[in-house]
Amino acid sequence: MPDSEAVTRLKVAIIGCGRVSEKHIRAVSGLSDRLTLCALVDTNPDAPSNLLSACKKKIKKYNDVKAGMKSYIDYKEMLRDMHPDIVAITVPSGLHFQIAKDCLEAGSHILLEKPMTMSNKSSRELYELAESKGLRIAMGHIYRYFPIVSLLHEDMVNGAFGKVGHGSVIVRWGHENDYYQQAAWRGTWKSDGGALMNQTVHALDLMCYLMNAEATSVNGMIARRFRNMEAEDTAMGVYTFGNGALCQVEGTTATFPKEHEASFYINTEKAAIRIALYKGKPSYSIRTAKGKNLAFKYLRRYIKQNGLSYLISVAKNPHYGIYTDLYKSITTGTSPVADGRSGYLAVDMVLGFYRSVLKKNEIELPLPNEFKIEEMAKLEL
Ligand SMILES: NC(=O)c1ccc[n+]([C@@H]2O[C@H](COP(=O)([O-])OP(=O)(O)OC[C@H]3O[C@@H](n4cnc5c(N)ncnc54)[C@H](O)[C@@H]3O)[C@@H](O)[C@H]2O)c1
């Protein structure tokens, strides 16, 4: 970073002080040379102070952070008072669209949690609104910010891996029933969706990023096996991509919560790429035909490019990477790595999958017409 005297500090407000917001506060406080938290908003008046107390030990310069911000219960009042440069939207997914739209209309850049919205049309509308106003949307697609992922993408784009054969993505993100009972919106078709829309959407986004291609069709099936929820707890399907690659997907929350796993496999002409996160521990393998693992080479290149302390920060909290990138994109005029376009394409992939379940058919992507997730409520699971 340049000398802190010369750096513009941007004001960040967070709307929604629930489970994921802690990652946002930690990232913002870790970037205090560039960002300052100006407001916390929640319709529950106790939530901002509960959130601050819960992460007291994890926030750098806690007293300064607390003293420098105001709490609100009405986000519109906060937007009028504070004019934040960046608003992080961490409310239930069914509320993303309206709040994001209001923030963009008020002139703020946004960091929008995944999934972008609950319909392909509204996701696209947000993207186009931001573009028309010259504002940035950074998506909470955390996997794009895992160490070395940006380099793998770069090399895929420059042809270093040759053609992509196929891919496979597994998200076994187990949640017990109490997770669904903690908040009424969770697991409902209207406000959340199931394992695919909530837990798998950003993994699908990563496959597009790594394969450097967009999905052109999908055929999927869903089931509710173990969890008491309205939507599915298990989804399996196959996408085709514009480069001819097939990609299979398994997304589930019906597994044991202590066995969280997200794994990504891409078979290319020149290497087999494996990225896995198991019980919070990441592992990487980029094997050539001769069996040589290039992972350390990538790690060294990543550290040389970004520094060791950045690597440690994003490995602990990928949201740190999203905020770093958003700051850079606002101050230098570039596009965030996980931009608004990635947001609506990922939603389109999920909705296409759900539509194929309803139609019992392969569905072409991008979807030609509007499809809202609430149409899934017709389905008896
Ligand atoms: N990127 C990731 O890794 C990640 C991880 C978890 C959750 N998420 C996403 O983050 C979002 C929030 O998830 P969560 O688990 O933190 O939810 P949560 O239910 O724990 O928290 C949501 C908070 O928003 C508040 N809220 C509701 N309506 C509001 C309004 N109109 N104005 C202000 N506050 C309001 C609630 O009171 C609650 O405190 C979801 O979209 C989810 O998919 C992303």
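This is a short dialogue on reading one helix and one domain boundary.

Colleague: What kind of model is this?

Modeller: This is a predicted model: local features need pLDDT of at least 70, side-chain atom pairs count only at pLDDT 80 or more, and totals for chains, interfaces and linings use all residues. Residues are numbered from 1 along each chain as its sequence is written, and side-chain values use heavy atoms, with hydrogens and water left out.

Colleague: How many residues does helix α10 have?

Modeller: Helices are DSSP runs (H or I, at least four residues), numbered from the N terminus. Helix α10 covers residues 295-306 and has 12 residues. Gly307 follows α10, with a positive phi near 90°.

Colleague: Which residues of α10 are buried?

Modeller: Buried means under 20% relative accessible area, and exposed means over 50% (1.4 Å probe, protein chains only). In α10, Ala295, Tyr298 and Tyr302 are buried. Seen down the axis, the buried residues of α10 fall within an arc of 60° (from the directions of the helix axis to the C-beta atoms), so they line one face of the helix. Phe296, Lys297, Arg300 and Lys304 are exposed on the other side.

Colleague: Where are the domains?

Modeller: Domain bounds come from an automatic or database domain assignment. That assignment gives domain 1 (4-142) and domain 2 (145-315 + 339-364).

Colleague: How many residues of each domain are in contact?

Modeller: Contact means heavy atoms within 4.5 Å. In this model, 19 residues of domain 1 are in contact with 27 residues of domain 2.

Key. Helices (H or I, at least four residues) and strands (E, at least two) are DSSP runs, numbered from the N terminus. The expected span of a helix is 1.5 Å times one less than its number of residues.
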